[in-house]
Amino acid sequence: MRNSIKNIVGICTLSICCISSVFSQKTTEYKLWYNKPAQVWTEALPLGNGRLGAMVFGNPGSEQIQLNEATIWAGQPNNNANPDALENIPKVRELVFAGKYLEAQTLATDKVMAKTNSGMPYQPFGDLRISFPGHTRYTDYYRDLNLDSACTTVRYKVDGVTYKRETFTSFTDQVVITRLTASKKNKITFNAMLTSSHQDVFIACDGNCVTLDGVSSWHEGLKGKVKFQGRLTAKIQGGTMTCKDGVLSVENATEAVLYVSISTNFNNYKDITGDAPERAKSYLNKALQHSYTETKKAHIAYFKSFMDKSSLDLGENKSTETTDKRIENFAKTNDSHLVATYYKYGRYLLICSSQPGGQPANLQGIWNDKLFPSWDSKYTTNINVEMNYWPAEVTNLTELNEPLFRLTKEVSETGKDAARIMYGVNGWVLHHNTDIWRITGAVDKAPSGMWLAGGAWLSLHLWEHYLYTGDVEFLRSIYPIMKNAALFFDNVMVKEPTHNWLVLCPSNSPENPHAGSNGLATTAGGVTMDNELISSLWNIIIQSSKTLNTDTDFANHLQSRLKEMAPFQIGRWGQLQEWMNDWDNPDDTHRHVSHLWGLFPGNQISPYRTPGLFDAARTSLIHRGDPSTGWSMAWKVCYWARLLDGDHAYKLITDQLSLVRNELKKGGTYPNLFDAHPPFQIDGNFGCTAGIAEMLMQSYDGFIYLLPALPSVWDKGEIKGLVARGGFEMDMKWKENKVEKVIIKSRIGGNCRLRSLTPLIGAGLTEATGENPNLLYTLPENPKPLINEKAKLNPVELKKTYLYDLKTVAGESYEINALK
């Protein structure tokens with residue numbers, strides 16, 4: 001799998017061409033900045049290198065840098081499938097089919113949910129604390145996070161001396177580095193130490209190095225066995241340095257550079273036999289061999305190799321306000337530069353929390369200050385972990401998928417046990433959560449935990465990677481994972497008694513109680529989201545079978561099974577039904593809008609192919625409302641972009657960019673631009689970033705749609721490095737809300753079909769007819785929906801567009817202009 005990622009990088013480098021004569025090369029600074037220190041964690045500034053996370057508070061008198069290492073989790077290798085499920089799943093199913101939904105849910109909670117544990121929490125390492133005597137008398141304070149260098153700066157004055165702190169989490173040296181300087185010589189004096197909220201820690205000095213050894217927590221009866229060590233030392237110019245009683249003391253230095261290394265005994269989800277102290281020592285010793293200047297230069301170069309692949313320019317920064325004030329005033333200012341900053345910040349967070357070879361971004365990315373965080377900061381698979389990776393392909397960060405793909409491979413292994421133990425079938429299953437130990441049993445209680453479709457959704461991420469890259473060898477390598485996910489559903493689905501449809505039962509439409517139980521239960525069968533996910537999964541197996549020339553019999557079998565599944569249904573008030581029964585309440589504003597999965601991220605609902613479903617989805621979304629939790633509003637940005645309503649999508653961005661300073665407000669953005677559920681969940685940052693990209697370019701519907709949902713306030717701008725399915729990299733400039741110029745870089749060749757609201761001209765551009773011959777744009781065939789006789793559907797009025805084909809050659813670039 002890693003080789004496939006490397007191949008993609010190679011393909012990317014072939015397609016780069018000089019476009020300086022076409023697009024402006026102006027430099028705009030993107031940063032988060034503030035005029036006072038962070039008082040709470042959601043004001044601190046995040047740094048990360050995929051393995052280490054740091055939150056910099058910037059207090060002059062007593063600096064706090066809260067630290068994470070991605071493999072510090074409670075517990076130890078385990079799985080949690082409940083063997084009682086095998087006998088009781090049929091009983092739960094019978095209760096559902098009998099309309100006894102609450103009884104079914106109660107039985108599932110008692111007999112199907114895991115009895116050992118519900119997964120382990122992601123845990124912090126601790127903190128680097130640095131105290132500076134006399135520095136509480138500071139003036140002229142400033143701190144920032146630079147999104148072009150992945151470095152933080154803190155600057156202030158004390159007694160006429162300007163002090164400066166620069167911190168970064170080195171991608172190349174794998175340590176946290178803080179450089180302390182002053183405008184006058186011999187003015188750097190401080191005490192530094194490592195602290196931790198873990199119970200069993202041992203702090204000591206090893207020469208001029210502070211060490212902190214610890215072990216992760218017990219949780220739900222499972223002993224913590226992740227051993228970790230942190231090491232702290234410094235290089236100084238001038239002055240003296242001593243280490244005693246776990247405190248590193250520096251006096252009268254002109255400059256000091258602090259280094260923190262952290263490591264654990266974690267090797268993989270079933271092996272924790274590594275040597276944490278030796279690893280921590282090795283990281284530190286290697287880092288100390290390089291000068292600060294060399295290390296920072298290498299760090300920035302590595303970071304920019306990802307960050308510079310895509311950029312969004314919506315105009316100059318006209319604000320002189322601090323970042324928190326810009327968020328607070330956004331609804332009044334329409335600060336387009338802040339939106340561009342938010343887009344860049346979303347990509348920044350993914351670069352910093354998901355690096356090849358590491359762990360995937362979890363519910364909080366890589367940043368967490370609590371031993372027992374909300375929802376354990378695990379991998380929630382009924383929306384959250386998938387949303388984390390929505391920006392990866394489209395915003396040109398495809399390599400960062402590797403940790404998610406490896407997690408998918410690993411849960412496909414542990415999920416075979418859960419499928420066999422709980423359901424007595426072949427294939428693999430993933431319920432609504434997993435953790436670093438790759439548990440696959442059903443967790444928590446049935447209202448959320450009785451959901452089986454995680455394997456389908458993760459498999460579709462693998463397929464999307466193939467659609468974006470055309471990498472057949474990658475497809476061949478992951479086909480068994482997708483096939484075995486499809487096999488599980490083929491084995492476990494049953495015919496329901498009313499229509500004789502093939503359904504998944506029991507299940508739920510994530511976390512949303514339904515009217516069939518008077519709002520008391522979520523447990524049901526044949527829910528729309530399951531139908532969308534499973535039919536999509538089976539369709540990609542059928543397509544993969546043709547591409548790879550394999551498994552024809554299985555593909556044919558799935559083709560026949562698809563005809564037995566429940567169709568889309570449009571309910572009595574014109575809505576897309578969320579459940580098999582017409583239970584939808586027009587006043588329901590639940591945060592999950594799962595039944596619209598086929599609109600986004602799926603491709604089953606289209607204004608051109610399925611106008612009735614398109615209108616029904618729009619009706620559902622209007623009734624669901626806009627304000628919600630942060631990640632829910634981010635999903636709605638994506639939905640409204642697919643509904644081709646840029647101004648409504650922008651309204652959701654405005655709701656997202658509303659300041660949250662405490663946990664009382666529902667949804668929005670914290671002062672450090674973290675997404676507020678509340679509490680902090682990183683998925684909203686990633687979902688909204690993907691939504692911004694979706695407003696500017698879409699490639700799910702058989703063509704690449706240029707500026708499909710451009711809001712009126714973004715009358716001019718340019719985007720570079722967006723990636724469409726089929727391996728087309730797009731640079732696009734617009735003016736007066738119309739496309740002005742597009743550069744298309746074809747990574748793998750093939751037909752590039754464009755849809756534009758503006759007539760276009762360019763060498764090789766022809767009017768498109770018939771189906772797109774590019775097989776990476778093959779579309780699913782949906783059965784006709786069932787429409788309630790009371791439903792009133794609205795006509796779908798589409799703007800006039802122009803459809804073109806462009807035959808491309810791998811490695812070549814093509815310039816397209818607006819026809820004037």
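In this predicted model, helix 2 spans residues 85–97, and its 13 residues reach 18 Å from the first C-alpha to the last, close to the 18 Å expected at 1.5 Å a residue. The buried residues of helix 2 are A85, N88, I89, V92, R93 and V96. Viewed down the helix axis, these buried residues fall within an arc of 150°, so they line one face of helix 2. The face turned away from that buried side carries two exposed residues, E87 and E94.

It is worth looking next at what lies over the buried face. The cover of the buried residues of helix 2 includes three helices, namely helix 3 (101–111), helix 11 (402–423) and helix 14 (472–492). Strand 20 (494–495) and strand 23 (523–524) are also included in this cover. After helix 2 comes G99, a residue with a positive phi, near 80°.

A helix pair elsewhere in the sequence offers a second view of packing. Helix 8 (residues 336–353) packs with helix 20 (residues 683–696) at an angle of about 125°, and their axes are 9 Å apart. Because oblique is the class for angles that are neither roughly parallel, roughly antiparallel nor roughly perpendicular, helix 8 counts as oblique to helix 20. The crossing of helix 8 past helix 20 is left-handed.

For readers following the contact in the structure, helix 8 contributes V339, Y342, Y343, Y345, G346, R347, L349, L350 and S353. These residues meet G684, N685, F686, C688, T689, I692 and A693 of helix 20.

Notes:
Residues numbered from 1 in each chain as written. Predicted model: local features only at pLDDT ≥ 70, side-chain atom pairs only at ≥ 80, totals over all residues. Heavy atoms only, no water. Helix = DSSP H or I, 4+ residues; strand = E, 2+ residues; numbered from the N terminus. Expected span 1.5 Å × (residues − 1). Buried < 20%, exposed > 50% of the residue type's maximum accessible area, 1.4 Å probe, protein only. Arc of directions from axis to C-beta. Contact = heavy atoms within 4.5 Å. Axes fitted to C-alpha atoms, helices over the stretch in contact; angles between N-to-C directions. Parallel < 35°, antiparallel > 145°, perpendicular 65-115°, else oblique. Left-handed = near helix turned anticlockwise from the far one by under 90°.
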